[in-house]
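Student: I have a model open and would like to go through it with you. Could we begin with one of the helices?
Tutor: Certainly; please put it on the screen.

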Amino acid sequence: MTALVSRTGRHQQRYEHGYRLVAGCIPYRYRLTGEGKCMEVLMISSQRGEGLLFPKGGWENDETVEEAACREALEEAGVRGLLQDMLGSWDFKSKRQQGVYCPEGLCRAYMFALAVTEQLDTWPEQHSRQRQWFAVSDAIGQCRHDWMRGALDQCVAYLASESSNIYLSACF
């Protein structure tokens with residue numbers, strides 16, 4: 001078995017018009033309850049322990065945005081699944097991401113819905129992150145940033161639509 005490790009460094013990071021480009025996903029599953037199905041989403045702790053997030057990270061030059069979203073889900077949350085349509089993109093400012101190529105710390109996150117098919121017992125960032133499943137109503141209150149609430153709202157609307165049954169690619 002090959003050990004999984006997270007990518008590090010910024011030498012292959014994508015930037016566009018002053019924005020650091022990131023890719024991520026909202027991992028979800030359905031849990032059966034007495035009243036039917038309950039949608040749950042997976043959130044992870046920040047490495048600094050400041051609230052909960054959805055898996056996301058740098059989109060690198062040698063991968064598609066879909067590949068980057070799948071990689072981040074595996075590295076940060078230890079999940080694999082079926083990646084669905086892009087939910088949209090959200091701009092935000094990150095003090096942590098300020099640097100030579102992005103002095104203002106501007107980021108653009110491309111987010112996807114990810115139907116989780118596998119939750120790994122071990123994953124690259126398991127020692128620096130915690131993961132937890134939440135009902136959507138509880139996850140909204142856990143989102144650290146407005147843009148994440150917007151992405152979650154878009155995910156719920158997308159999954160409620162008829163087109164959500166089309167899976168684009170598997171994250172394996």
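Student: Which residues of α3 are buried?
Tutor: In this predicted model, the buried residues of α3 are W147, M148, A151, L152, C155, Y158 and L159. They cover an arc of only 140 degrees around the axis, so they lie on the same side of α3.

Student: Why would residues at such spacings point the same way?
Tutor: An α-helix has 3.6 residues a turn, so residues three or four places apart point the same way.

Student: And which exposed residues does the face turned away from the buried side of α3 carry?
Tutor: That face carries the exposed residues D146 and A160.

Student: How far apart are the end C-alpha atoms of α3, and what should the helix span?
Tutor: The end C-alpha atoms are 21 Å apart. Helix α3 comprises the 15 residues 146-160, and at 1.5 Å a residue these should span 21 Å, so the two values agree.

Student: Let us move to the interior. How many residues has the largest nonpolar core, and which have the most contacts inside it?
Tutor: The largest nonpolar core has 48 residues, and those with the most contacts inside it are I26, V41, F54, M111 and L152. Strand β7, residues 106-119, gives the most to this core, with 9 residues.

Student: Take F54, then. What does it touch?
Tutor: Leaving aside residues up to four places away in sequence, F54 touches C25, I26, P27, V41, L42, M43, I44, M111, C143, M148 and L152. Two of these, M148 and L152, were listed above among the buried residues of α3.

Student: Stepping back, how many helices and strands does the protein chain have, and in what order do they run?
Tutor: The chain has 3 helices and 9 strands. From the N terminus on, the order is β-β-β-β-β-α-β-β-β-α-α-β.

Student: How much of the chain counts as buried, and how much area is exposed?
Tutor: Of its 172 residues, 48% count as buried. The chain exposes about 9200 Å², and carbon and sulfur atoms supply 48% of that area.

Student: What share of the contacts comes from residues 24 or more positions apart?
Tutor: Such residues account for 73% of the contacts with a separation of 6 or more.

Student: On to aromatics. How many aromatic pairs are found in the whole structure?
Tutor: A search of the whole structure finds 3 aromatic pairs. In one of them, the rings of W59 and Y110 have their centres 5.7 Å apart and their planes at 80 degrees, so this pair is edge-to-face. It links distant parts of the chain, 51 residues apart: W59 is in the loop between β5 (56-58) and α1 (65-77), whereas Y110 is in strand β7.

Student: Are W59 and Y110 buried or exposed?
Tutor: Both W59 and Y110 are buried.

Student: What about F92 and W147?
Tutor: F92 and W147 form a stacked aromatic pair, with 4.8 Å from centre to centre and 5 degrees between the planes. F92 lies in strand β6 (residues 79-93) and W147 in helix α3, so the pair ties together parts that are 55 residues apart in sequence. F92 is buried at a relative accessible area of 17%, and W147 is buried at 10%.

Student: Staying with β6, how accessible are S89 and M86, and what do they touch?
Tutor: S89, found in strand β6, is partly exposed, with a relative accessible area of 38%. Not counting residues up to four places away in sequence, S89 touches R108, A109 and Y110. M86 is also found in strand β6 and counts as partly exposed at 37% relative accessibility. With the same exclusion of residues up to four places away, M86 touches V65, Y110, M111 and F112.

Student: And where is S94?
Tutor: S94 is in the loop between β6 and β7. At 14% relative accessibility, S94 counts as buried. Beyond residues up to four places away in sequence, S94 touches G105 and C107.

Student: One last topic: what is the phi of H17?
Tutor: H17 has a positive phi of about 50 degrees although it is not a glycine. Most residues other than glycine have a negative phi. H17 lies in the loop between β1 (15-16) and β2 (19-33), and H17 is exposed, with a relative accessible area of 73%.

How values were computed:
Residues numbered from 1 in each chain as written. Predicted model: local features only at pLDDT ≥ 70, side-chain atom pairs only at ≥ 80, totals over all residues. Heavy atoms only, no water. Core = buried A, V, L, I, M, F, W, Y, C linked by side-chain atoms within 4.5 Å. Buried < 20%, exposed > 50% of the residue type's maximum accessible area, 1.4 Å probe, protein only. Helix = DSSP H or I, 4+ residues; strand = E, 2+ residues; numbered from the N terminus. Contact = heavy atoms within 4.5 Å. Expected span 1.5 Å × (residues − 1). Arc of directions from axis to C-beta. Areas by Shrake-Rupley, 256 points an atom, 1.4 Å probe, with all protein chains shown as cover. Phe/Tyr/Trp six-rings, centres within 6.5 Å; stacked < 30°, edge-to-face > 60°.
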